[in-house]
Amino acid sequence: MKPNRWAALAAAALTALAVHTPPAAADSLVPKGFAPASTSWTGPSRGFVLGFSPCGKPGWCASLLSTTDGGKRWLRVGAPPISLPDNHNQVKLVVIDEHDVFLSDGTRLLASRDGGGTWSGVRLAGVREPFYISKITESGSRVFAMVTGFGSPSTTTLYAGLSGTRVLLPVPGFTVTGSATYGDVATSGGVQVSMGSDYRVQKYWTSSDGLTFAAAPPPCPADSSALLSGIRRGRVLALCSGGPGTPQPGATVRRLWRAPKLGGRFTGTEQAPILGINQSFSAASPTTATVAAEGGGTGFLHSTFDGGTTWTTTVLSGRGVCLNDLDFPDERIGVVVDGLPDAEGGSAVYRTVDGGITWRELVFG
């Protein structure tokens with residue numbers, strides 16, 4: 001199937017898409033030409049956006065913005081010492097609370113303990129290049145990072161350390177090897193770690209405190225990989241997907257799987273739409289979840305509101321680069337970043353206030 005026909009096939013299931021009217025008085029502290037790269041929210045109204053704007057040298061300068069009213073007004077709270085990478089990796093922002101903030105361009109990890117005012121580097125002990133940091137998060141007193149090395153064979157390893165440390169260490173026993181390896185970690189409501197290789201091996205651990213882990217039944221069948229979401233009202237949700245590009249280029253077979261409690265056994269639901277390659281996944285409630293996917297130069301948000309029985313698809317934009325940072329800080333409010341600051345189509349942050357039924361573009365300045 002040709003990629004340019006996908007949007008037509010999804011049109012029957014489209015939900016509404018709109019753009020916010022710019023605020024009457026934009027904050028003058030927002031840099032001119034600001035383009036978002038990553039967003040992280042600590043609550044439905046409290047959010048942060050890392051972005052870049054044109055400047056002299058090196059050409060793009062980073063700024064960290066914050067909002068307390070859901071994106072109506074923005075304040076500039078810092079200028080992190082990080083650049084847009086030449087390989088077009090996302091520069092990812094992770095805000096734990098008002099004090100603890102992380103930044104990564106995939107190979108460099110920075111931490112701030114004063115809300116983004118000052119930054120220090122965090123080293124991954126023993127890591128070998130080339131590698132990619134796919135996830136950074138924190139639970140209680142521990143910081144976790146999921147790191148994939150692209151050697152032969154590939155390895156994916158969970159790193160951890162105490163909050164405030166400048167060195168993260170490999171967690172013994174939390175490594176997988178193979179031709180292709182992957183992993184995810186989620187910390188909302190309890191810590192979950194999923195790791196796999198070659199769509200044949202899958203491992204899964206859970207912890208209530210981030211210190212002691214127990215092996216548990218994996219969320220997905222061995223022939224699929226897992227993207228984890230936080231625990232919602234006691235229920236545990238995961239997106240289980242086959243290899244990208246199957247059954248056709250630009251497509252992914254995927255299903256929502258759920259467990260009744262942390263460490264419980266997962267069961268699957270009906271197949272979700274296959275359009276696009278997975279970019280990110282998040283659940284708003286035990287029955288409401290969204291998959292962000294890209295395919296054929298188009299961004300898709302596949303959402304279910306009945307636990308995976310039926311799905312609707314929003315065609316978000318034609319930027320066709322990536323959809324990152326999909327997250328629901330509560331059951332109605334969600335956000336996602338579309339595109340990259342230096343991509344031809346630019347970038348934007350979209351927000352939903354109805355659990356993923358409609359999405360609106362936020363305006364900066």
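# Pairs, bridges and cores: a tutorial

Student: What makes β29 and strand β30 (residues 359-361) a pair?

Tutor: Two bridges join β29 to β30, and the two strands run antiparallel. At least two bridges are needed for a pair, so β29 and β30 with their two bridges qualify. One thing to keep in mind throughout: this is a predicted model.

Student: Which residue of β30 is the bridge partner of Y350?

Tutor: Y350 has E361 as its bridge partner there. The hairpin made by β29 and β30 has six residues between the strands, and in this hairpin G355 takes a positive phi near 75°.

Student: How many bridges join strand β28 (residues 334-339) to β29?

Tutor: Six, and again the strands run antiparallel. With at least two required, β28 and β29 count as a pair because they have six bridges. Within it, R351 of β29 has V335 standing opposite.

Student: Why is strand β29 (residues 347-352) called mostly covered?

Tutor: Six of its six residues are buried. Look at both sides: S347, V349 and R351 point one way, A348, Y350 and T352 point the other way, and all are buried. That back-and-forth fits a general pattern: in a regular strand, side chains alternate between the two faces of the sheet.

Student: How far can I trust the model, going by its pLDDT?

Tutor: The chain's mean pLDDT is 90, with 92% of the residues at 70 or more. Confidence peaks in strand β10 (residues 123-124), at 98, and is lowest in helix α1 (residues 6-10), at a mean of 37. Residues 1-27 have pLDDT below 50, although this stretch has 46 contacts in the model beyond near neighbours in sequence. Where pLDDT is low, the predicted coordinates shouldn't be read in detail.

Student: What makes D325 and K92 a salt bridge?

Tutor: Their closest N and O atoms are 2.5 Å apart. The cut-off is within 4 Å, so at 2.5 Å this pair passes. D325 sits in strand β27 (residues 323-327) and K92 in strand β6 (residues 92-95), so the salt bridge ties together parts that are 233 residues apart in sequence.

Student: Is D325 buried or exposed?

Tutor: Its relative accessibility is 8%. Buried means under 20%, so D325 counts as buried.

Student: Why do R73 and D69 get different labels for exposure?

Tutor: R73 has a relative accessible area of 56%, and exposed means over 50%, so R73 is exposed. D69 is at 24%; that value falls between the two cut-offs of 20% and 50%, so D69 is partly exposed. Their side chains meet in a salt bridge, with 3.4 Å from N to O.

Student: Which residues share a network with R113?

Tutor: Start with R113 and D100, whose closest N and O atoms are 2.9 Å apart in a salt bridge. R113 is in the loop between β8 (109-112) and β9 (120-121), and D100 in the loop between β6 and β7 (101-104), 13 residues apart. Salt bridges with shared partners join D100, R113 and E138 into one network. R113 is partly exposed at 31%, while D100 is buried at 12%. The whole count comes to nine salt bridges.

Student: Why is the W41 and W74 pair called edge-to-face?

Tutor: The angle between their planes is 85°, and edge-to-face means over 60 degrees, so the label fits. The centres are 6.4 Å apart, and the limit for pairing is within 6.5 Å, so W41 and W74 count as an aromatic pair. W41 lies in strand β2 (residues 35-41) and W74 in the loop between β4 (60-67) and β5 (75-78), so parts 33 residues apart in sequence are tied together. W41 is buried at 7%, and W74 is buried at 2%. F34, W41, W74 and F364 form one aromatic cluster.

Student: Which residues of the largest nonpolar core touch the most other members?

Tutor: Of its 15 residues, those are L50, F52, I82, V91, L93 and L103. Two or more residues come from each of β3 (47-54), β4, β6 and β7, and β3 gives the most, with three. I82 touches residues including F52, V91 and L103. Apart from this core lies another one of 14 residues, including A111, V122, F131 and I133.

Methods:
Residues numbered from 1 in each chain as written. Predicted model: local features only at pLDDT ≥ 70, side-chain atom pairs only at ≥ 80, totals over all residues. Heavy atoms only, no water. pLDDT = per-residue confidence, 0-100. Helix = DSSP H or I, 4+ residues; strand = E, 2+ residues; numbered from the N terminus. Contact = heavy atoms within 4.5 Å. Buried < 20%, exposed > 50% of the residue type's maximum accessible area, 1.4 Å probe, protein only. Phe/Tyr/Trp six-rings, centres within 6.5 Å; stacked < 30°, edge-to-face > 60°. Core = buried A, V, L, I, M, F, W, Y, C linked by side-chain atoms within 4.5 Å. Lists of a residue's contacts leave out its neighbours within four places in sequence.
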